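I opened the notebook to look up two things: the ligand site, and one glutamine elsewhere on my list.

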Amino acid sequence: MVELTRVALNDTIKTVWLLSGVATVIGLNNGLGQTPIMGYNTWNDFRCDNVSAANIEKVATAIIELGLHRAGYRYVNIDDCWAVKRDAEGVIVEDAEAFPNGMKSVGDYLHARGLKLGLYTDRGTATCEGRPGSEGYEELDAQTYAQWGADYLKEDSCNAPSDHEAAFEQYRLMRDALNRTGRPIYFALCGWSSWYAPVGKGLANSWRVGYDVNTWENVWYNAIVVNERLAQYAGPGGFNDVDALIGSTPGGAVSLTTTQSRTQFSLWSMMSAPLIIGSNMLHLTTFDLETYTNGEVVAVNQDPLGMQGTVVWQNCPSTDLSRDQSVENAPVPNCQQIWAKKLFDGYAVMFVNFTSTSAASAPWTTHRPPEGKALEALELDVQAVFGWEAANARDLWTHMNLGIHRRLVVVLSGGNGESKVLKLTKPALEVKV
Ligand code: GAL
């Protein structure tokens with residue numbers, strides 16, 4: 001009798017323990033991504049060619065010598081094309097020619113320099129470039145990545161079910177396998193769809209909300225149009241991912257104009273998106289380096305509140321997202337937006353002119369258009385939007401204090417993605433202006 005009671009009690013304890021064990025893996029419990037992560041990814045730079053240990057080491061050296069590491073860029077993420085097969089035990093195998101000393105030695109190299117190792121896989125049977133996928137190998141792959149010292153894993157969605165529940169289940173398998181390794185590995189889900197956002201935080205540290213961003217048109221359609229309505233899902237521990245930064249440096253797989261690349265960087269900062277450099281890192285231009293190391297804009301991205309900015313005014317047409325998101329190069333409309341992001345000590349505001357024509361010919365209306373007249377500038381009423389009598393404004397690209405204003409009037413005459421980012425703080429004293 002006594003014995004039986006003890007067994008029953010033990011069973012109860014076991015059940016409670018098991019339940020709490022289950023509870024701890026309901027979400028990702030790695031504590032990472034409290035602010036958007038910053039780093040580099042090979043895909044926009046090398047695509048499938050030249051993904052090798054030698055090039056990763058060169059990239060790491062450039063990151064350090066250019067001071068990007070000091071500015072916060074720590075993750076060096078190796079995208080598709082590093083894996084070639086599985087061995088007899090099912091263990092994933094690196095391309096022996098490209099990684100002659102194995103992936104662990106790449107991890108050791110990066111860690112010795114204060115950088116982090118990022119790897120790529122796919123939740124299906126094969127990656128988009130036909131390399132082995134993780135389906136059915138989640139546990140083994142997670143253990144292998146942890147042994148190699150991986151700090152980040154991107155899991156793509158090629159050759160995998162597109163049904164939502166099936167996709168979530170596959171991501172849960174890898175999430176739990178990563179949790180079980182005991183190594184904090186940032187988990188980047190890559191499902192190219194906005195329907196991941198509502199469940200994103202339970203699955204990963206970030207989730208791709210749209211298709212690849214390779215062009216200015218993609219910046220508009222695959223990032224802005226999709227993500228402007230997903231702000232509520234972002235926050236410390238989990239952020240909407242709008243793909244990597246493109247930059248304006250020639251020689252990579254993709255590039256934008258200088259103006260567009262800086263605007264992309266500012267928009268990503270306003271949206272609390274991961275700042276993953278996808279430029280030709282080995283020949284980075286001074287312009288791009290200045291963009292990526294602008295500490296005042298990086299601080300907007302890294303603000304500890306982790307709130308994604310929202311559009312507070314726009315004249316851009318509303319887009320039906322139910323249509324196929326893969327429409328490549330849908331034209332950028334002639335329109336403007338004003339974004340605002342709450343920061344722990346104020347607000348960041350961004351004015352963007354997406355139109356390719358100059359401001360003078362754009363039929364702009366703003367918060368207060370003069371009667372019967374189209375404006376040639378964007379105007380923001382500080383009280384109407386922020387509830388303050390006036391704001392102290394600072395231009396985060398020219399690094400100039402602009403004084404105290406009740407209304408902010410910004411002229412963006414260049415068009416084609418020209419933008420301005422201001423930081424607003426509440427003036428210390430009540431002002432009469
Ligand atoms: C795509 C993904 C890209 C890149 C590529 C590699 O599906 O969106 O970011 O990882 O696969 O094949």
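**Ligand site and a glutamine**

I started from one contact: an oxygen atom of the ligand lies 3.1 Å from an N or O atom in the side chain of Arg208. I note that the model is predicted.

Next I looked up the acidic side chains. Asp79 places a polar side-chain atom 2.6 Å from an oxygen atom of the ligand. For Asp212, the distance from a polar side-chain atom to a ligand oxygen atom is 2.5 Å. I then checked the cover. On its own the ligand has 310 Å² of accessible area, and the protein covers 94% of that.

Where does the ligand sit? I find it in the largest pocket.

I listed the surroundings. Trp43, Tyr120, Trp192, Cys128 and Cys190 are among the residues around the ligand. So are Asp79, Asp80, Glu129, Lys154, Asp156, Arg208 and Asp212. How does this shell divide into nonpolar, polar and charged residues? I read five nonpolar, seven charged and no polar.

Then I turned to Gln336. I place this residue in strand S12, which spans residues 336-343. Is Gln336 buried or exposed? Its relative accessible area is 1%, and buried means under 20%, so Gln336 is buried.

What does the side chain of Gln336 contact? I find a polar contact of 2.9 Å with the side chain of Asn353. I also checked Gln314. It is 22 residues from Gln336 in sequence, yet the C-alpha atoms of the two are 5.7 Å apart in space.

Technical notes
Residues are numbered from 1 along each chain as its sequence is written. This is a predicted model: local features need pLDDT of at least 70, side-chain atom pairs count only at pLDDT 80 or more; totals for chains, interfaces and linings use all residues. Side-chain values use heavy atoms; hydrogens and water are left out. A residue is near a molecule or strand if one of its heavy atoms lies within 4 Å of it. A polar contact is a pair of N or O atoms within 3.5 Å; within protein, one must be able to donate a hydrogen and the other to accept it, and residues adjacent in sequence count only if both atoms are side-chain atoms. Accessible areas come from the Shrake-Rupley method with a 1.4 Å probe; for residues, only the protein chains shown count as cover. On a 1 Å grid over the protein atoms alone, a cavity is a set of points where a 1.4 Å probe fits but cannot get out, and a pocket is an open set with protein on both sides within 12 Å along at least five of seven lines; lining residues have an atom within 4 Å of a point. A molecule sits in a cavity or pocket if more than half of its atoms lie within 2 Å of its grid points. Ala, Val, Leu, Ile, Met, Phe, Trp, Tyr, Cys and Pro count as nonpolar, Asp, Glu, Lys and Arg as charged, and the others, Gly among them, as polar. Helices (H or I, at least four residues) and strands (E, at least two) are DSSP runs, numbered from the N terminus. Buried means under 20% relative accessible area, exposed over 50%, partly exposed in between (1.4 Å probe, protein chains only).
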